[in-house]
Every structure is written in C-alpha cells, then in structure tokens.
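Reader: I am new to this structure and would like a close look at a single part of it. Please choose one strand, describe its surroundings, and then place it in the chain as a whole.

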Amino acid sequence: MNEVVQVQVFLTGDLPSDYKKLSLATKELLEEFNSLSANQIRFSFEKPGEGIRNDTVKMALYDSLAHLGVVFENNESVSARNEQSTNRLIIPSALVTLGHHKPIAIDLRSSRRIYKQYNVITDQPQEDVEATRNAAEALLEYKFANAIDKLTRKYVPTVVYAVGNGEPIDMKVNDLGESLRNDYKLAIFDLKKGFPDASQIDALMIVKPTETFSDEDKLKLDQYVMNGGKVIWFIDKLHAELDSLMRSRAEYTAYDRGLNLDDLLFKYGVRINGDLLQDLNCSKIPLVTGTNADGSPRMQRIPWPYYPFLSAHSDNPISKNIDRVLPLFPSSIDTVKAVGISKTILLASDTNSRRLASPAIVSINSVKNNEDFMSFNQSYVPVAVLLEGKFHSFFANKAGIGLSDSVQRASGRAFLSSAAKESKQIVVSDADIVTNMVSNTMGPLPMGELPLENYRFANREFFLNCIDYLVSHNQLFESRNKDLVLRLLDKRKVEEQRNTWQFLNIVLPIALVVLVGLLYQWRRKKKYGTIFTS
C-alpha cells in the first residue's frame with residue numbers, strides 16, 4: 001500500500017444481534033488490515049444522514065449512495081417473547097475510497113442464503129438469517145481485499161464481447177454490460193472481421209450464439225487460445241424458449257441450433273450434450289390455471305423442472321459461498337480426456353435430476369405419472385466446467401502450409417499447434433444464466449430474476465467471479481475458499497429457557513457465594529467460640 005484508502009462502514013447503530021456480530025467482525029478485519037498496511041487503510045463507522053433533520057436532503061443522500069451500489073434494508077424483527085415488532089433501517093454496506101477514483105460499494109451481506117425449512121404458507125423456503133450472516137463473515141476478507149485491489153491496480157483488464165454469430169446485442173444483455181462496465185474495459189469484437197489478439201484481450205465472451213460457426217471462426221478462436229487467450233462460453237446447444245411453449249400452448253420440440261462447436265470444445269476437454277436437464281429442486285413459474293369469480297385470470301406458481309437450481313458441490317473458488325444459480329433450459333456437460341487439461345465442476349444440479357435426450361419435448365406438464373417422477377434418479381449433473389492448462393489446437397493435424405501462411409498474413413502471428421503458455425476456459429451449457437429478461441413495465445431485469453418474482457438468484461455473482469478468475473493475476477480468490485464454522489444457538493430454546501439460564505448464571509452464583517460465606521462464618525464461630533468459652 002502506497003496510498004491511503006478510506007473505508008466508510010455504514011453497518012452501525014442499533015442493530016439486531018446477527019447484524020451486530022457482522023459489524024464487529026468487519027471492525028476486527030479492518031483493524032487487522034490497518035495494522036498490516038502500516039496505517040494506510042483507515043476506516044470509520046458512521047450512519048449516513050444521522051443528524052440531518054430535513055427529509056428531502058436525507059433522501060437525496062440516500063439516493064446518491066444507492067447509485068454507488070450501497071444497499072438499504074428495512075429490517076423487521078418480532079420478539080418471540082412478547083411478540084413486539086420493531087422496524088429499523090439498516091445499511092449493510094461499506095464504501096471504499098481512494099483519491100479521485102470512483103468509490104467501490106461493498107455489500108457486507110452474503111450472496112449465499114442458508115435455509116432451514118420450507119414455509120408452506122408463503123410457499124417459500126425459510127431462511128436461517130443468523131446462519132446466512134455468519135456465512136457473510138467468511139467473505140469479508142475477499143470483498144475488502146478485492147475492492148482495494150481494484151482501486152490500487154495499475155492495469156485494467158480488457159473484456160471483449162464477441163459478435164458475428166447471432167449473439168444478442170439488445171436489452172437482453174443489459175445487465176451483463178452494466179455489471180462489467182465499472183471494473184473492466186468492455187469492448188465488442190466482430191469475429192468475422194479479424195483475429196482476436198490475446199495480448200490485448202484478457203477475456204473473450206461467447207454469449208448465446210444462434211448461427212453456425214465456420215471453420216474460419218473456429219480457427220480464430222483456436223489461435224486466440226493457443227496464444228494464451230481466455231474464453232468463457234455461454235452456449236445454448238438446443239433451441240428451447242418459454243415463449244415458444246406459450247405460443248404453442250401445449251408442447252414443442254427443442255431442436256439443435258447447429259452451432260458447429262462440438263468438435264472444438266471436445267478437443268479442449270468438454271462435450272455439451274444435446275439434451276435438456278431437469279431437476280425436482282427447481283424454480284416455479286406463474287401460469288394461468290383458470291378464472292376467478294370476477295372474471296380475472298387465476299394465476300398459480302407451479303414447479304418448472306426445466307429451471308433447475310444449480311450450486312457448487314466442490315471447493316472451487318468461483319462458485320463456493322454463493323447462492324443458487326438459476327438457468328433456463330440448460331443442457332448437461334460431460335468432461336472428456338484432454339492431455340494436460342485439469343477440469344473443475346463449477347455448477348451442477350441437485351440430487352433429483354434427469355436428462356431429456358434430443359429431440360427433447362418441452363411441455364407444461366412434463367411429470368405426468370409416478371414413472372416420470374421416478375426417472376429423476378441422477379445427481380450433480382454438471383452445467384459449468386472450468387478448464388485449465390496448456391491446450392492443444394483443434395487444427396494441429398489439419399494445418400498445412402496454406403493454413404499456416406493464411407494465419408500469419410491475417411493475424412501477424414505464426415500458427416501454433418499447441419498453447420505457448422497455460423490458459424483458462426469456462427464452458428457453461430446455458431446462456432440464459434447471463435442474459436436478463438425484459439419487463440414491459442420495469443424494463444431490463446437483473447440477470448437471475450424472473451418476472452413477477454421478487455427474488456434474485458446469484459447469476460450475476462457467478463458471472464463476475466468467472467470473469468475475475470480468468471483475468472486476475474493475484475491470489476485473492478484463495479480467500480473465497482475460507483470456511484467459518486460456528487455453533488449457533490437455537491433461538492426458540494433461548495426464548496423458552498431464558499429465565500432458567502438467567503437464574504443459573506446470575507442468581508445461583510450469588511446464592512452459592514452467600515451460602516459459602518454463611519458456612520464459613522458458622523464453622524469459624526463453632527471453632528473459635530469453643531476456645532473463647534474455655
């Protein structure tokens with residue numbers, strides 16, 4: 001650290017116990033950072049707007065903080081003892097500032113929610129709030145270190161969005177662009193017009209192509225990888241969209257898009273299968289099931305196995321400690337042998353999965369009987385895979401003098417049959433993980449959020465972690481692997497047995513001291529009283 005970094009923590013004041021604990025953990029971490037950096041990281045705990053009586057000025061301050069990424073939360077807590085409800089505004093955020101750089105806001109909460117049981121009344125899983133806050137502590141070091149690194153770094157990585165094969169460039173990728181704009185140099189590259197340069201492009205994104213890749217297109221991508229380029233693939237192998245199902249009003253067949261990428265990806269170590277992955281642990285979609293008495297449509301949320309929940313089932317640093325990721329009509333991925341390439345499963349389905357082989361039928365009611373239900377007998381089917389190592393060119397055995405010369409003329413670099421240095425690729429068999437839906441009333445929604453659902457899955461966090469892992473050259477990602485194991489108290493038992501434990505910890509020790517004192521005095525009088533009498 002050569003410059004002073006200022007950290008403003010807004011998680012302070014009258015807080016619930018779970019947030020109070022998170023606030024103390026934040027203070028302890030920043031004290032350690034300050035000590036290690038020779039007082040170059042300075043921090044303060046403050047409540048924005050405290051002391052401002054003018055509501056208009058206060059709301060303007062809150063609005064400016066919200067534009068920076070500061071999050072606000074109205075917390076309502078109900079005491080199990082007297083059933084009294086309290087509502088307070090909590091700001092679980094911190095703002096990291098360095099000189100004239102734009103401040104970076106940190107959400108101190110965990111992006112991973114931990115659930116303890118299912119609430120039948122609300123039709124939602126019930127969150128274990130205290131356990132979720134404890135999980136947030138494990139990520140504090142990474143969040144603050146990452147923010148400080150982005151402010152102090154001298155080089156800003158370039159992330160490029162590839163076009164030329166039918167990739168969307170409309171509002172469906174609005175959140176993707178907004179998520180990257182502040183932290184990276186974001187650019188668009190037309191694959192039809194030239195060779196991507198690995199010395200200038202730190203990561204190349206292939207997002208939901210719909211048109212066939214020619215051999216020339218694949219050669220350009222192949223040589224980009226051979227020169228050390230990193231690629232993240234978000235591929236929809238089959239054409240399966242909810243809009244198509246709604247138009248057919250019954251069912252339709254998901255067909256292969258014919259992207260012509262199978263052989264290239266197979267050479268690198270993965271195969272995206274021509275199937276649709278389903279899981280019983282899935283999201284729900286609202287469907288019209290009839291009409292109400294007033295003639296309005298009656299909506300019902302039904303489980304939709306084509307939208308399975310994805311999570312990490314290994315200790316990989318990209319998807320560990322994040323919430324579930326929501327795909328739309330994903331396919332399964334198989335890993336295949338590739339010499340010198342290590343493979344890590346980043347995301348996989350849950351324990352009740354099945355694959356619908358192509359031609360896959362998409363229907364409203366895909367689980368019709370007990371036999372269909374019993375067919376969900378697969379577990380942890382991969383959907384996202386990380387590939388690392390020295391890749392070998394798909395064109396190595398096909399390259400003649402003519403091909404080598406054409407690569408030399410077009411790119412200014414010699415054709416490479418194997419990678420000059422180690423590289424990384426991430427292959428995801430669903431592109432809708434990083435696209436966003438567009439509402440007629442609200443406009444573009446965040447990625448990972450469905451219309452009419454007030455819940456956002458961790459799609460954005462997963463995407464940003466992938467990009468950061470590909471382009472970063474530090475070891476900050478190791479801090480994402482930390483675990484914080486805490487033995488939590490049962491809140492219900494605490495409330496029920498409060499008086500008992502208060503008596504044992506307060507009244508009983510005092511009573512024991514008094515009793516010991518009385519016994520001591522009685523013994524003393526008995527012993528010395530006899531001597532004085534004699």
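Author: What follows is an account of one strand and its partners, then of a pocket, a helix and the chain overall.

The model is a predicted one. The strand chosen is β24, which covers residues 423–428. Five of the six residues of β24 are buried, so that the strand is mostly covered, by the definition of buried as under 20% relative accessible area.

Two strands may be described as its partners. One of them is β12, made up of residues 231–234, which runs parallel to β24 and is joined to it by four bridges. Within this pairing, Trp 233 stands opposite Val 427 of β24. The other is β23, residues 382–389, which runs antiparallel to β24 and is joined to it by six bridges. Here Gly 389 stands opposite Ser 423 of β24. β24 therefore has a parallel pairing with β12 and an antiparallel pairing with β23, where a pairing takes at least two bridges. In a regular strand, side chains alternate between the two faces of the sheet.

Next comes a pocket. The second largest pocket has a volume of about 820 Å³. It is lined by 35 residues, and those closest to its centre are Leu 242, Asp 243, Tyr 307, Leu 328 and Met 437. Three elements give two or more residues to this lining: α6 (242–248), β17 (282–291) and β18 (297–308). Of these, α6 gives the most, with five residues.

A helix can be looked at in the same way. Helix α1 takes in residues 17–36, a run of 20 residues. At 1.5 Å a residue it should span 28 Å, and because its end C-alpha atoms are 29 Å apart, the model agrees with that expectation. The buried residues of α1 include Tyr 19, Leu 22, Leu 29, Leu 30 and Phe 33, and also the polar Asp 18, Ser 23, Thr 26 and Asn 34. After α1 comes Ala 38, which has a positive phi, near 55°.

Finally, the chain as a whole. The chain has 534 residues, 44% of which count as buried, and it contains 12 helices and 26 strands. Among contacts with a separation of 6 or more, 74% are between residues 24 or more positions apart. The accessible surface of the chain is about 28,100 Å², and carbon and sulfur atoms make up 52% of that surface.

Conventions: Residues are numbered from 1 along each chain as its sequence is written. This is a predicted model: local features need pLDDT of at least 70, side-chain atom pairs count only at pLDDT 80 or more; totals for chains, interfaces and linings use all residues. Side-chain values use heavy atoms; hydrogens and water are left out. Buried means under 20% relative accessible area, exposed over 50%, partly exposed in between (1.4 Å probe, protein chains only). Contact means heavy atoms within 4.5 Å. Accessible areas come from the Shrake-Rupley method with a 1.4 Å probe; for residues, only the protein chains shown count as cover. The expected span of a helix is 1.5 Å times one less than its number of residues. On a 1 Å grid over the protein atoms alone, a cavity is a set of points where a 1.4 Å probe fits but cannot get out, and a pocket is an open set with protein on both sides within 12 Å along at least five of seven lines; lining residues have an atom within 4 Å of a point. Grid points are joined across faces, edges and corners, and a volume is the space filled by probe spheres set on the points.
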